[in-house]
Amino acid sequence: MAAPVNSFKADLKVGKQTIGCWLTQGTAIAAEIAATADFDWLLVDAEHSPNDISSIITQLQVIAGYQAAA
């Protein structure tokens, strides 16, 4: 089985501009809304937000179902 293609890394490698969003709300609902908004990447902020390990894992699981890179 071939490794999955990381389109985010490929875009950066060729110098393509990407647009993303920082997730600071700490909820899976906000992560899913952002994941469906056509961003290239989403950053789950664990320093400046109410996120903890549990909420980060949940947000990453939600994002994994969409095209945006986490």
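**Helix H2 and the core around it**

In this predicted model, helix H2 (residues 28–35) has Ala30, Ala31, Ala34 and Ala35 as its buried residues; buried here means under 20% relative accessible area, exposed over 50% and partly exposed in between, with a 1.4 Å probe and protein chains only. These residues sit on the same side of H2, because they cover an arc of only 135° around the axis, taken from the directions from the helix axis to the C-beta atoms. Turn to the other side of H2, and Ile29 and Ile33 are exposed. Helices (H or I, at least four residues) and strands (E, at least two) are DSSP runs, numbered from the N terminus.

As for what lies over the buried side, the cover includes strand S1 (20–23), strand S2 (41–44) and helix H3 (53–63). Ala34, for one, is in contact (heavy atoms within 4.5 Å) with Leu23, Phe39 and Leu42, leaving aside its neighbours within four places in sequence.

The largest nonpolar core has nine residues: Leu23, Ala31, Ala34, Ala35, Leu42, Val44, Ile56, Ile63 and Ala68. Such a core is a set of buried Ala, Val, Leu, Ile, Met, Phe, Trp, Tyr and Cys residues joined through side-chain atoms within 4.5 Å. At least two residues of this core come from each of H2, S2 and H3, with H2 giving the largest share, three residues.

The loop between H2 and S2 holds Asp38, which has a positive phi of about 70° despite not being a glycine. Most residues other than glycine have a negative phi. Asp38 counts as exposed, at 73% relative accessibility.

Residues are numbered from 1 along each chain as its sequence is written. Local features need pLDDT of at least 70 and side-chain atom pairs count only at pLDDT 80 or more, while totals for chains, interfaces and linings use all residues; side-chain values use heavy atoms, with hydrogens and water left out.
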